[in-house]
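Colleague: Got a minute to go through the pockets in this one with me?
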Amino acid sequence: VISRIADPEAPGGDSAFLWLSGVVFLAAGLFFWREGRDSRPILIVDHDGITDRSFGRIPWTDVQAFRMNGSLFNPGFGYTLRKGVRPPKKAALYRVGGMMNRLSGLPERTFRKQMIAGGCDAILLAFRKARPDLEGK
């Protein structure tokens, strides 16, 4: 197997692409499996800020806006950090995801209804209660 990866001209030389694809899909599957088994809340909202399970503690002063997004059948919720602010953890992942979400017209950090226990309405109410001035900016 290793000889086929090292020598693409050998019989079955396309296997390098297949092996690489397999490794990428396996890694993605393990990541999503691990995230799906994590029982901690995805977002915690309080009067000082939010705690995002992936990105850590974010004070309200760093949040630019929040809003509902998506369609009738696939609602979502999202927030955006102020320009130049990076989350305490996984800042590169936030930037890449944020860039892709902005291209789609979504907030930088977006959650689908299925990701949030209780749905988007509960988290939207918590954000509105804590910082109504940031909605939809």
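**Pocket chat**

Modeller: Sure, and I'll begin with the second largest pocket: its lining divides into three nonpolar, four polar and six charged residues. Nonpolar here means Ala, Val, Leu, Ile, Met, Phe, Trp, Tyr, Cys and Pro, charged means Asp, Glu, Lys and Arg, and the others, Gly among them, are polar. This is a predicted model, where local features need pLDDT of at least 70 and side-chain atom pairs count only at pLDDT 80 or more, while totals for chains, interfaces and linings use all residues. Residues are numbered from 1 along each chain as its sequence is written, and side-chain values use heavy atoms, without hydrogens and water.

Colleague: What volume does the second largest pocket have?

Modeller: About 210 Å³. A pocket is an open set of points on a 1 Å grid over the protein atoms alone, where a 1.4 Å probe fits, with protein on both sides within 12 Å along at least five of seven lines; lining residues have an atom within 4 Å of a point. Points are joined across faces, edges and corners, and the volume is the space filled by probe spheres set on them.

Colleague: Which residues lie nearest its centre?

Modeller: Gly84, Val85, Tyr94, Arg95 and Glu108, out of 13 lining residues.

Colleague: And which element gives the most to that lining?

Modeller: α3, with four residues. Helices (H or I, at least four residues) and strands (E, at least two) are DSSP runs, numbered from the N terminus.

Colleague: Switching over, what's the volume of the largest pocket?

Modeller: About 580 Å³. Of its 20 lining residues, Phe31, Phe32, Leu93, Arg109 and Met115 are closest to the centre.
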